[in-house]
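Me: I should like to learn how to read a protein model, one feature at a time. Please give the general idea first and then the case at hand.

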Amino acid sequence: MASTRPIVACVTACFILSVAAHAQIVALGASDVAGWFGVLHHQTWPAQLEEMLKAKGYNVQVKNAGKPGDTPWGLLRRLDSAVPSGTKIVILAKEGLYNNNKLSTAKADEAMNTVETKLKSHGITIISANAGVVLQNPGLRADDVHLNAAGHKELASRLLPLVIRALGSPSPSG
């Protein structure tokens, strides 16, 4: 039994190191994150951002936690399940949450401040998705509030340097 302890310790250490090298990124928001108007899962900006990061040598997973029709209060209620333990970065798409909001702006702001405070208390870096800039181009949107597939790709490209800055250099092992 004593001879298996070093092996178990080594396997455990290797597992912990492999998990630590894996950066968890969560994209939070409404339909502007989840994809809408014919935008397939692999065309959403979270999926495209993950592929762009992997192409640059990052061992990352970008979880798409967008939920069509969500509001700031809905996001606050599902925050713990949407953002798993070990998350390093949350890319927050606020605009879509406000588009669906039936409450006052002050109440929505209160909920979003609580979301951001909770994330920061866990040491999570928050990056704003700011799809509004991309939505200004009519060729990149499906309607006034939703990106088309090309718009999702453009937003992923705009987020890439911000996420790389937050992650730092990729580890030599990927």
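Me: Is G57 buried, partly exposed or exposed?

Reply: The model is a predicted one. Burial is judged from relative accessible area: a residue under 20% is buried, one over 50% is exposed, and the range in between is partly exposed. G57 has a relative accessible area of 28%, so it is partly exposed.

Me: Where is G57 found, and what is its phi?

Reply: G57 belongs to the loop between helix 3 and strand 2 (60–66). It follows helix 3, and its phi is positive, near 95 degrees.

Me: How should one judge the sign of phi?

Reply: Most residues other than glycine have a negative phi. N130 is a residue other than glycine, yet its phi is positive, near 50 degrees. N130 sits in the loop between strand 4 (125–128) and helix 7 (131–135). With a relative accessibility of 38%, N130 counts as partly exposed.

Me: What separates the C-alpha atoms of G57 and S169?

Reply: Separation along the chain and separation in space are two distinct readings. G57 and S169 are 112 residues apart along the chain, while their C-alpha atoms are separated by 8.9 Å. For the protein chain as a whole, consider contacts between residues at least 6 apart in sequence: 75% of them join residues at least 24 apart.

Me: How many residues of helix 3 are buried?

Reply: The reading here is a count along the helix. Eight of the 11 residues of helix 3 are buried, and helix 3 is therefore largely enclosed by the rest of the structure. The buried residues are W45, P46, A47, Q48, L49, E50, M52 and L53. As for the protein chain, 40% of its 174 residues are buried.

Me: Is Q48 buried or exposed, and which residues does Q48 touch?

Reply: Q48, a residue of helix 3, has a relative accessibility of 15%, which means that it counts as buried, the cut-off being 20%. Leaving aside residues up to four places away in sequence, Q48 touches H42, Q43, A149, H152, K153 and A156.

Me: How does helix 3 lie against helix 8?

Reply: For a pair of helices, one reads the approach of the axes, the angle and the handedness. The axes of helix 3 and helix 8 (residues 149–167) come within 8 Å and cross at roughly 50 degrees. Helix 3 is therefore oblique to helix 8. The crossing is right-handed.

Me: Which residues of helix 3 and helix 8 meet?

Reply: An α-helix has 3.6 residues a turn, so residues three or four places apart point the same way. From helix 3, the residues that meet helix 8 are W45, Q48, L49, M52 and L53. Their partners in helix 8 include A149, H152, K153, A156, L160 and V163.

Me: Is E154 buried, partly exposed or exposed, and which residues does E154 touch?

Reply: E154 also lies in helix 8. Its relative accessible area is 28%, so E154 is partly exposed. Apart from residues up to four places away in sequence, E154 touches V134 and L140. The C-alpha atoms of E154 and Q48 are separated by 9.5 Å, although these residues are 106 apart along the chain.

Me: At what angle do helix 4 and helix 6 cross?

Reply: The same readings apply to this pair. The axes of helix 4 (residues 72–82) and helix 6 (residues 105–121) come within 8 Å and cross at roughly 20 degrees. Helix 4 and helix 6 are therefore roughly parallel to each other, and their crossing is left-handed. Among the residues of helix 4 that meet helix 6 are P72, W73 and L76, and those on the helix 6 side include A108, M112 and V115.

Me: How many helices and strands does the protein chain have?

Reply: An overview takes the elements in order. The protein chain has eight helices and four strands, and along the sequence they follow the pattern α-β-α-α-β-α-β-α-α-β-α-α.

Me: Which element has the lowest mean pLDDT?

Reply: Confidence should be read element by element as well as for the protein chain. The protein chain has a mean pLDDT of 82, and 80% of its residues reach 70 or more. Helix 1 (residues 4–20) has the lowest mean pLDDT of the elements, 41, and helix 3 (residues 45–55) the highest, 96. Over residues 6–21, pLDDT stays under 50, and the model has one contact beyond four places in sequence for them.

Notes
Residues are numbered from 1 along each chain as its sequence is written. This is a predicted model: local features need pLDDT of at least 70, side-chain atom pairs count only at pLDDT 80 or more; totals for chains, interfaces and linings use all residues. Side-chain values use heavy atoms; hydrogens and water are left out. pLDDT is the predictor's confidence in each residue, from 0 to 100. Helices (H or I, at least four residues) and strands (E, at least two) are DSSP runs, numbered from the N terminus. Contact means heavy atoms within 4.5 Å. Buried means under 20% relative accessible area, exposed over 50%, partly exposed in between (1.4 Å probe, protein chains only). Axes are lines fitted to C-alpha atoms, for helices over the stretch in contact, and angles run from 0 to 180 degrees between N-to-C directions. Angles under 35 degrees count as roughly parallel, over 145 as roughly antiparallel, 65 to 115 as roughly perpendicular and the rest as oblique. A crossing is left-handed if the near helix is turned anticlockwise from the far one by less than a right angle, and right-handed if clockwise.
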